[in-house]
Amino acid sequence: MRVTASGWIAIAGLALATVPFFKPPAFYETFLYLVFYWIVLATSWNILSGYSGYFSFGHGAFFGAGMYTTATLSGRYDWAFLWTLPAAALVAALFGTAIGAVVFRVGRLRGELFALLTLAVTFVLATVVLNTRIDGGQGVNLGGVALPAIGPTPSATFYFLALALTVITLWTARGIYQARLGTGLFAIHDDEDVAEVLGVPTLRYKLVAFGVSCALAGVAGGIHAMFVSYVTVGETFSIIVPLTVVLMSVLGGTRHWLGPTVGATIITGLVYAFTAGDYAIAGRAAVGLILVVVILFMPNGVLGRFAGRSRTPTRAPDANRTAPAAARSTAPAQTRQQRQGEILLDARGVSKAFRGVQALDRVDLQVRRGEILGLVGPNGSGKSTMINVVSGHFLLDSGRIAFGDREVSGMAAHRIAHAGIARTYQIPRPLAHMNVLENVALPAMFGRNSLGRIDAEREARDWLEFTGLAGKADALPDDLNLHQRKFLELARALASRPSLLFLDEVLSGLTPSEIDNAIATIRAIRDQGATIVFVEHVMRAVMELADRIVVLNYGRVIAEGLPQDVMQRPEVVTAYLGKPHA
């Protein structure tokens with residue numbers, strides 16, 4: 001019988017739980033407690049920062065919030081120690097979630113800015129605690145608080161508490177890694193804007209990850225408050241905590257759920273070895289050297305090469321399946337014929353400006369169900385901006401957009417994806433650390449149909465076969481050429497089974513034979529019932545594919561109608577070629 005990773009965690013936990021019954025010296029139980037303590041902190045940090053890429057230096061703040069919650073409730077209000085631990089988790093989680101609810105809504109606060117902001121939160125919280133009755137500058141003494149007799153000795157009790165929290169933390173990290181939440185967080189890590197457009201509810205997922213991360217750190221802080229028995233601001237809110245958990249996670253591998261455990265074990269053992277040999281300063285230098293070496297030569301950590309390969313379970317092809325996804329229509333043929341020609345997308349008076357540049361100026365655009373609409377115009381005319389506005393990538397300044405019977409103006413991009421709108425990008429934007437199969441399975445999981453992981457993978461394989469990428473399923477996007485990356489964009493958009501598909505210059509940069517292949521592919525997509533808005537500069541393809549053409553120039557619609565008629569109009573010729581001068 002095959003044992004799952006969760007099973008191995010349980011087995012290891014049960015095996016380690018027998019250690020105190022062999023009555024080892026208290027020193028060894030205390031050392032193992034510290035190993036578990038750092039595993040919990042590093043793993044909890046990694047749930048947000050490693051998975052989603054929101055690099056935080058504020059983990060010490062949430063750890064400290066848990067410490068002071070337990071210290072205050074037990075030391076001053078005589079709460080039983082164990083009852084303070086849920087409170088420590090709740091306070092830390094609420095504190096982190098409240099910060100995230102504000103910070104995550106500001107798109108500019110990513111990367112270095114997010115890291116600096118979380119570091120500032122640590123110092124702010126330390127100042128508040130120090131200058132209020134929570135601490136008052138005297139610290140909080142827990143020497144008189146009763147320790148529950150969970151183990152035969154006090155050191156064994158702390159050992160059991162830390163071991164139990166470690167098992168819970170690893171189960172949580174593994175569960176998130178395998179779940180839809182983990183897939184969404186890894187997509188956010190690679191490209192948050194694309195993840196949102198593909199259907200990932202990025203704000204909600206970041207808040208959940210942040211809350212779980214803070215809660216686990218809070219419980220670790222509550223246990224550690226009792227362990228040290230005297231809590232002070234200087235020791236609690238030290239920069240050492242966030243720096244150490246970052247080093248441990250990076251060393252082990254931030255994109256693998258077990259990576260922080262490996263890193264924490266190595267670093268804790270290394271620091272002990274140097275400290276026990278009276279070379280504490282050399283130990284700190286060695287830790288710093290390890291960080292430099294890892295960043296330069298092992299950016300993915302010890303377990304980096306295993307990341308991403310086990311998140312997507314595979315299943316043998318279903319023998320009962322007789323037709324690939326590309327041959328299956330999104331709606332019955334009779335229904336499509338009855339609804340053919342009705343307005344699917346109705347945009348009225350859409351305007352969008354960027355720092356004074358009017359990209360769209362009161363644009364009216366109607367897309368009819370079942371058609372291929374060519375959206376053309378010279379460079380800078382607003383074509384891609386129109387796609388970005390409709391897909392929710394940008395918020396419009398004025399106007400309204402209706403999709404079917406729903407108003408999508410101002411709607412979050414992931415909700416627009418759920419409604420049935422998909423798009424490609426002019427410059428391919430695959431999720432770099434996910435392989436081709438995972439890239440295409442993502443919108444199948446988060447798009448209109450919201451399939452389970454295995455069904456999403458099955459759907460993705462069908463679309464990879466349809467676009468000629470079946471042989472590249474396990475490759476990373478960097479291993480693909482431009483033609484294959486363009487078709488990866490197409491397969492990814494199709495995997496969500498959209499009602500309306502925006503193709504943004506999918507033919508640019510392709511050879512004539514590749515263009516012919518792409519034209520045939522787009523025809524096949526339309527034949528199965530999709531509605532397509534086709535933005536392209538390759539006019540041969542536009543003339544062959546488009547049922548109607550809308551021409552933009554300087555953000556305004558200057559012509560629309562049948563391709564042969566529109567492209568001969570003087571205003572369209574002038575837009576492309578300019579006015580003749582004597």
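The following paragraphs lead through a predicted model of a protein chain, from its overall dimensions to its two sheets, the helix lying across them, and a few individual residues.

The protein chain has 582 residues, of which 53% count as buried, and its secondary structure comprises 22 helices and 12 strands. Along its principal axes the C-alpha trace spans about 90 × 55 × 45 Å, while the accessible surface comes to about 25400 Å², with 61% of that area belonging to carbon and sulfur atoms. When contacts between residues at least 6 apart in sequence are considered, 74% of them join residues at least 24 apart.

One of the two sheets described here is an open sheet of 4 strands, in which the order is 4-3-6-7 and the pairing is antiparallel. Strand 4 (357–368) and strand 7 (406–407) occupy its edges, and because each has a single partner strand, one side of each is left without a neighbour in the sheet. Strand 4 finds its partner in strand 3 (residues 343–354), to which it is joined in the antiparallel sense over 8 bridges. Within this pairing, Leu345 has Val367 of strand 4 as its bridge partner.

The other sheet is also open, but here 6 strands follow the order 8-9-10-5-11-12 and the pairing is mixed. Its edges are formed by strand 8 and strand 12, each of which pairs on one side only. On average, and with direction ignored, neighbouring strands of this sheet are turned by 20° against each other. In general, strands of a sheet pair through backbone hydrogen bonds, in either a parallel or an antiparallel arrangement, and a mixed sheet invites a look at individual pairs. At one edge, strand 8 and strand 9 (residues 500–504) run in the parallel sense and are linked over 3 bridges, with Arg423 standing opposite Phe502 of strand 9. At the other edge, strand 11 (residues 548–553) and strand 12 (residues 556–561) pair in the antiparallel sense over 5 bridges, and Leu552 stands opposite Val557 of strand 12. These two strands, strand 11 and strand 12, form a hairpin with 2 residues between them, and Tyr554 in the turn has a positive phi of about 55°.

Which strands does helix 14 lie across? Helix 14 (residues 383–390) lies across strand 3, strand 4 and strand 6 (398–403), and its direction makes an angle of about 115° with that of strand 3. Helix 14 also lies across strand 5 (372–376), strand 8, strand 9, strand 10 (531–535) and strand 11, running in this case at about 145° to strand 9. Strands of both sheets are therefore among the elements that helix 14 lies across, given the strand orders 4-3-6-7 and 8-9-10-5-11-12.

Turning to the helices earlier in the sequence, helix 3 (residues 59–75) has 17 residues, and because a rise of 1.5 Å a residue gives an expected span of 24 Å, the separation of 24 Å between its end C-alpha atoms agrees with that expectation. Helix 3 is mostly covered, since 16 of its 17 residues are buried.

Thr84 has its place in helix 4 (residues 81–103). With a relative accessible area of 0%, Thr84 is buried, and, when residues up to four places away in sequence are not counted, Thr84 touches Thr70, Leu73, Ser74 and Trp79. The side chains of Thr84 and Thr70 are also joined by a polar contact of 3.1 Å. By contrast, Phe394, 310 residues from Thr84 along the chain, has its C-alpha atom 45 Å from that of Thr84.

Is Asn46, which lies in helix 2 (residues 26–52), buried or exposed? Its relative accessibility is 2%, and because buried means under 20%, Asn46 counts as buried. Leaving aside neighbours within four places in sequence, Asn46 is in contact with Tyr51, Ser249, Thr254, His256 and Pro260.

Finally, Met434 is found in the loop between strand 8 (421–423) and helix 16 (436–446). Although it belongs to a loop, Met434 counts as buried, because its relative accessibility is 1%. Met434 and Gly60 are 374 residues apart in sequence, and their C-alpha atoms are 31 Å apart in space.

Key: Residues numbered from 1 in each chain as written. Predicted model: local features only at pLDDT ≥ 70, side-chain atom pairs only at ≥ 80, totals over all residues. Heavy atoms only, no water. Pairing = 2+ DSSP bridges. Expected span 1.5 Å × (residues − 1). Buried < 20%, exposed > 50% of the residue type's maximum accessible area, 1.4 Å probe, protein only. Contact = heavy atoms within 4.5 Å. Axes fitted to C-alpha atoms, helices over the stretch in contact; angles between N-to-C directions. Areas by Shrake-Rupley, 256 points an atom, 1.4 Å probe, with all protein chains shown as cover. Polar contact = N/O pair within 3.5 Å; in protein donor to acceptor, adjacent residues only side chain to side chain.
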